[in-house]
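Work through the exercises below with the model open beside the text. Each task is followed by a solution in steps.

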Amino acid sequence: MNTNKSQTEQLPQDAVMQSVLVNELRIGNLLYFGNAKCKVVEIQKECFYVENEKGTELKNTTSDLNPIKMTESIISEICFNENKVMGLYRLDATSDFSIAFSLDNDMIYIGDDIEIIISKTPLHIFQNIYFFLTGSELT
């Protein structure tokens with residue numbers, strides 16, 4: 001009798017997803033804590049501290065955090081809404097390249113070589129990509 005199980009068989013799917021979320025987070029990331037949008041301000045081994053829009057710090061575990069989906073409203077905020085042309089939002093990342101969001105085909109285009117699917121990229125992941133490419137926080 002084989003009693004070995006894969007890790008995904010042993011852990012509920014929510015636990016696996018929360019574990020992935022923990023490894024993706026960095027200070028400054030935006031997430032939902034319940035229904036409130038919060039910013040990660042401290043990461044410890046067993047918990048996270050987030051700050052809500054009122055400036056209150058809240059201690060929580062990963063089970064309390066949920067990713068924020070990239071929506072047209074969020075993309076519009078990122079691109080300051082003024083760079084929208086026919087379903088395409090544009091963000092000048094550096095003097096060398098820009099980032100374009102095409103809502104029609106659900107894609108983020110970074111420079112000429114990188115394509116990312118919007119619907120599969122939560123806001124905190126895009127924040128991390130932007131930071132690693134530019135060295136600046138996405139505000």
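The exercises concern the strand pairing in this predicted model.

**Exercise 1.** State how many strands form the open sheet, in which order, and which strands lie at its edges.

Solution.
- The open sheet is formed by 5 strands, and their pairing is antiparallel.
- Read across the sheet, the order is 4-3-2-1-5.
- Strand 4 (57-60) and strand 5 (65-66) are the edge strands, since each pairs on one side only.

**Exercise 2.** Describe how strand 1 and strand 2 are joined, and find the bridge partner of leucine 31.

Solution.
- Strand 1 covers residues 30-33 and strand 2 covers residues 36-43; the two pair in the antiparallel sense over 4 bridges.
- The bridge partner of leucine 31 is cysteine 38, in strand 2.
- These two strands form a hairpin with 2 residues between them.
- Glycine 34 is in the turn of this hairpin and has a positive phi of about 65°.

**Exercise 3.** Go on from strand 2 to strand 3: give the number of bridges and the residue opposite cysteine 38.

Solution.
- Strand 2 and strand 3 run antiparallel and are joined by 5 bridges.
- Opposite cysteine 38 stands asparagine 52, in strand 3.
- Strand 2 and strand 3 also form a hairpin, with 4 residues between them.

**Exercise 4.** Which residue stands opposite phenylalanine 48, and how many bridges join strand 3 to strand 4?

Solution.
- Strand 3 (residues 48-52) runs antiparallel to strand 4, and 4 bridges join them.
- Asparagine 60 in strand 4 stands opposite phenylalanine 48.

How values were computed: Residues numbered from 1 in each chain as written. Predicted model: local features only at pLDDT ≥ 70, side-chain atom pairs only at ≥ 80, totals over all residues. Heavy atoms only, no water. Pairing = 2+ DSSP bridges.
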